[in-house]
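Here's a friendly walk through this structure, one piece at a time. Have a look at it first, then read on.

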Amino acid sequence: MSLLEIENLSLNIGSTPILKDIDLTLAQGEVMGLVGESGSGKSMTALTVMQLLPDAAKASGKVRFDGTDILRASEDQMCRLRGDDIGMVFQEPMTALNPVKTIGEQVSEGIRWHTRVSRAEAEERTRRILGRVGLPAAKFPLSRYPHELSGGQRQRVVIAIACALNPKLLIADEPTTALDVVLQAQILDLLRDLVAENRMALLLISHDLAVVTEMADRITILRHGEVMEAGETAPILSAQSHPYTRQLARASMHVPARHPLPSPLWGGSARSAGVGVSSVSVPPPRPTLSTDPPHKGEGNAVPLLCVENLTRDYPGRRLSLFRRAAPTRAVDDVSFSMRPGQSVALVGRSGCGKSTLARMILALDRPTSGAIHLLGKELTGKPEAELKPARRNMQVVFQDPYGSFDPRHSVERLVAEPLHVLEKQPSGAERRELVARALHEVGLQPSDMGKYPHEFSGGQRQRLSIARAIITRPRLVVADEPVSALDVSIRAQILDLFADLNQRLGIAYLFITHDLTVARAITDDVMVMHEGRIVERGRTGEVLDNPQSEAAKALVSATPDLRRAIARRLQEQG
Amino acid sequence: MTAYLVKRLIAGLATLVAASIVVFGVLEVVPGDPARLMLGMNASAETVQVLRDQMGLDQPLAVRYLDWASGMLALDFGKSYTYSVPVLELVSERLVVSLPLALIALALSTLIAIPVGIFSAARRGQTADTISMGAAQIGVAVPNFWFALLLIYVFAVWLRLVPAGGFPGWESGFWPALKSLLLPAIALALPQAAILARVTRSAMLDVMSEDYIRTARAKGMPRRHVLWRHALRNAMIPVVTIMGLQFTFLLAGTIIIENVFYLPGLGRLIFQAITQRDLIVVESVVMLLVAAVVLVNFLVDLSYAAIDPRLRARQ
């Protein structure tokens with residue numbers, strides 16, 4: 001007798017079919033991974049079990065949980081189940097908690113509601129469960145507000161809320177997608193332990209095949225609201241007999257074909273000695289000493305980008321009218337250089353300073369000290385007007401393909417935007433010509449020019465942002481987590497596009513990412529950043545295969561790896 | 001928290017100083033000699049000059065500004081040109097009508113608007129929502145003097161429950177005075193309530209789509225419970241902002257209602273002072289209103305801090 005039985009579940013919102021004949025069973029103590037790309041119906045399946053669907057949703061079929069017919073249960077019955085027998089953890093820890101209530105109130109509220117225990121008793125239980133999820137009361141008193149906690153800590157609070165009453169079923173909807181890999185590994189460990197301790201069933205929803213493989217006994221693969229394949233994790237992923245399963249697995253391990261630049265970042269040996277764990281700063285690069293012949297027709301030895309002893313301090317928070325805390329050093333004495341056409345990854349955990357560094361390179365933020373040279377020209381401390389020629393040579397691609405376009409502008413206007421940095425403004429016809437060429441280069445149609453952003457999918461929008469970035473023929477593109485908001489198959493296509501543009505146009509990339517899979521797929525060299533410093537650097541493959549610094553080791557060991565995970569599963573499940 | 005409050009306080013004081021300079025400056029450049037105005041067109045040049053000396057009108061601008069400003073700090077607003085009584089007396093006579101009127105109207109508007117807004121938000125798209133928002137639409141559209149006339153007809157003329165107008169003064173007793181303020185307060189409150197109800201509803205709807213509302217529902221809290229315990233407080237920031245704006249309007253922007261009910265309020269005083277070029281009264285009332293706005297904004301800032309812990313900086 002399974003704990004959760006879903007049979008022939010279909011769901012329509014208005015007249016749009018969302019789910020079609022979903023079957024899924026989950027036994028006590030079992031971990032089920034629900035995998036699929038965005039829009040495949042994973043979250044809707046979970047919300048159906050919780051009966052927290054939008055008002056317009058109509059479900060048919062059968063959903064039984066522990067003897068209760070969920071689709072026919074009254075709202076009162078559901079209120080008794082939710083939070084008591086079924087707990088749920090959501091994707092976005094930053095917004096999942098009420099900002100005006102303390103964490104103690106938010107955890108104990110559910111306990112008091114379901115068990116009717118006294119306030120003191122509920123607080124005692126709250127302290128216990130918060131301690132269990134790694135927020136001991138000594139360091140994290142119940143009176144803390146959510147904004148006083150980091151993303152990972154907030155997700156622990158959400159888990160505490162969900163697990164406070166030892167539910168029989170825990171539903172976790174992309175619980176780690178918004179966190180960096182190290183936090184992801186910690187949260188997954190916590191979920192695994194809680195499930196084992198209390199014999200909970202866990203329905204783990206994720207787009208990440210590697211995460212699910214590490215966690216789940218069985219998986220169900222969804223696409224367009226239908227179950228493609230379901231069964232034990234190991235055989236499904238090792239055989240990959242279903243074409244869609246194969247497609248997903250290949251896309252998540254996709255490495256674009258490219259010819260990496262043979263030479264390393266700093267014109268010396270493959271691995272600069274003495275960098276590693278020590279905090280000794282790397283001597284400024286001497287690009288003229290580079291022994292390697294220039295590539296891709298670049299006929300000079302001037303580095304594309306040269307960053308020297310760059311530091312950025314942020315003023316400390318104001319303690320009183322006249323006192324401030326010590327400034328925070330976001331970037332600490334960073335030096336490196338990049339050659340034309342080189343693809344470099346800047347990896348590190350969230351908050352390590354990588355985005356601050358990128359903003360300074362793009363001259364969007366001023367360094368506290370240090371210098372940046374682009375093609376031999378100093379960028380730091382220049383007024384905006386003098387930066388125009390440099391801006392033409394460096395462009396940016398952001399993470400969120402939805403938020404980075406003004407929805408009221410046409411594609412032509414959006415993609416042509418960077419053209420204002422050109423010295424000679426192109427005529428209307430020339431502009432359209434340039435936009436058409438950029439669209440063509442990223443695999444879109446020139447006829448898309450008259451459309452608006454909402455007419456494009458997430459992957460197409462990221463192509464648009466790449467088109468916008470390459471329209472001025474820049475020598476350097478800084479890409480800040482450019483594929484982390486995309487589904488795996490789209491991500492593979494966009495990585496191919498990046499690789500292709502790198503080969504064809506000789507554009508150098510600075511890829512900012514916490515995802516080592518992306519770094520491995522697309523970059524020649526990698527820099528590992530930790531607490532504002534670059535603690536390790538070298539050829540991407542070498543550093544990631546054999547990390548030396550603690551920070552790099554932590555990143556590497558926390559990154560889920562599909563091949564490794566499948567091998568481990570195969571051993572366990574035979 | 002203290003840093004936040006001190007900052008707000010300094011901003012408020014700076015606003016007061018800036019406003020006093022602007023008010024003083026504007027009245028300085030408008031044509032018309034107050035001394036000539038007080039004495040009438042037939043007065044001789046010598047008499048005017050004597051009065052100008054008395055009033056200190058020939059002193060340098062900065063000296064007069066400092067005199068005027070320091071006088072106000074000591075609650076000495078000077079004498080009205082037309083009535084020859086201290087402005088303070090004139091203003092406080094009116095304030096005992098206008099201030100209670102504004103407070104009652106604001107209380108009424110809040111008591112009507114917030115429950116209606118929450119009720120509508122909770123029943124979004126249902127008949128109850130359509131009806132109450134339709135009523136709010138009418139409340140916004142219909143001018144308040146029309147409500148006033150309707151109220152006078154029903155409650156004063158027809159039912160004879162309250163007087164149709166006039167103000168007997170607080171010395172005639174609490175109830176009679178209060179009764180004469182009731183109808184004007186209702187007439188003022190209805191349009192304000194309509195606006196506030198719409199603001200409350202849309203703020204609640206915004207908050208109801210937040211992730212933390214879903215978290216609370218996933219805990220097993222019933223919808224009503226979530227509405228009151230989780231959504232309401234988060235929705236209060238825009239509501240409090242609008243309430244602050246409404247209060248300052250109610251204090252002095254009520255001249256039409258004062259006229260309809262024949263109330264001796266601040267609005268009528270300032271209107272008379274402007275038509276009679278009684279500049280010192282105008283200056284004083286404007287400064288008083290600026291002070292009221294600054295004070296109300298400070299209270300609004302305080303309530304933001306009470307509502308949202310993120311504004312209370314951690315020490």
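## A six-stranded sheet in chain A

Let's start with a sheet in chain A of this predicted model. Six strands make up an open sheet here, and going across it you meet them in the order 16-17-18-13-19-20, with mixed pairing. Which strands stand at the edges? They are strand 16 (394–397) and strand 20 (533–539) of chain A; each has a single partner strand, so one side of each has no neighbour in the sheet. On average, neighbouring strands of this sheet are turned by 20° against each other, ignoring direction.

Zoom in on one edge. Strand 16 of chain A runs parallel to strand 17 (residues 476–480) of chain A, and 4 bridges join the two. As part of this pairing, you can find Val396(A) opposite Val478(A) of strand 17.

## A helix across the sheet

Now for helix 10 of chain A, residues 354–361. This helix lies across strand 13 (343–347), strand 17, strand 18 (508–513) and strand 19 (525–530) of chain A. Compared with strand 18 of chain A, helix 10 runs at about 150°.

## Where chains A and B touch

How many residues of chain A are in contact with chain B? There are 29, and they meet 23 residues of chain B. On the chain A side, helix 2 (75–81), helix 3 (103–115) and helix 5 (151–163) each bring at least two residues. Helix 3 of chain A gives the most, with 4 residues. Sorted by class, this side of chain A has 15 nonpolar, 7 polar and 7 charged residues.

## Chain B and its annotated stretches

Over in chain B, an unreviewed UniProt entry places the feature "transmembrane region" at several stretches, including 231–257 and 285–307. In the model, residues 231–257 of chain B are 93% helix and 0% strand, with end C-alpha atoms 36 Å apart. Residues 285–307 of chain B are 100% helix, and their end C-alpha atoms are 32 Å apart.

The unreviewed UniProt entry also puts "domain: ABC transmembrane type-1" at residues 95–300 of chain B. That span is 82% helix and 0% strand, and its end C-alpha atoms lie 22 Å apart.

## Two domains in chain B

The domain assignment splits out domain 1 (2–73) and domain 2 (88–311) in chain B. Their C-alpha centres lie 33 Å apart, and 14 residues of domain 1 are in contact with 14 residues of domain 2. The largest share of the domain 1 side, 10 residues, comes from helix 1 of chain B. By class, that side of domain 1 divides into 9 nonpolar, 4 polar and 1 charged.

Notes
Residues are numbered from 1 along each chain as its sequence is written. Chains are lettered from A and ligands numbered from 1 in the order in which they are written. This is a predicted model: local features need pLDDT of at least 70, side-chain atom pairs count only at pLDDT 80 or more; totals for chains, interfaces and linings use all residues. Two residues are in contact if their C-beta atoms, placed from the backbone, lie within 7 Å. Ala, Val, Leu, Ile, Met, Phe, Trp, Tyr, Cys and Pro count as nonpolar, Asp, Glu, Lys and Arg as charged, and the others, Gly among them, as polar. Two strands pair if DSSP finds at least two bridges between them. Axes are lines fitted to C-alpha atoms, for helices over the stretch in contact, and angles run from 0 to 180 degrees between N-to-C directions. UniProt positions are given in the numbering used here, feature names are shortened, and annotations may be inferred rather than shown by experiment. Domain bounds come from an automatic or database domain assignment.
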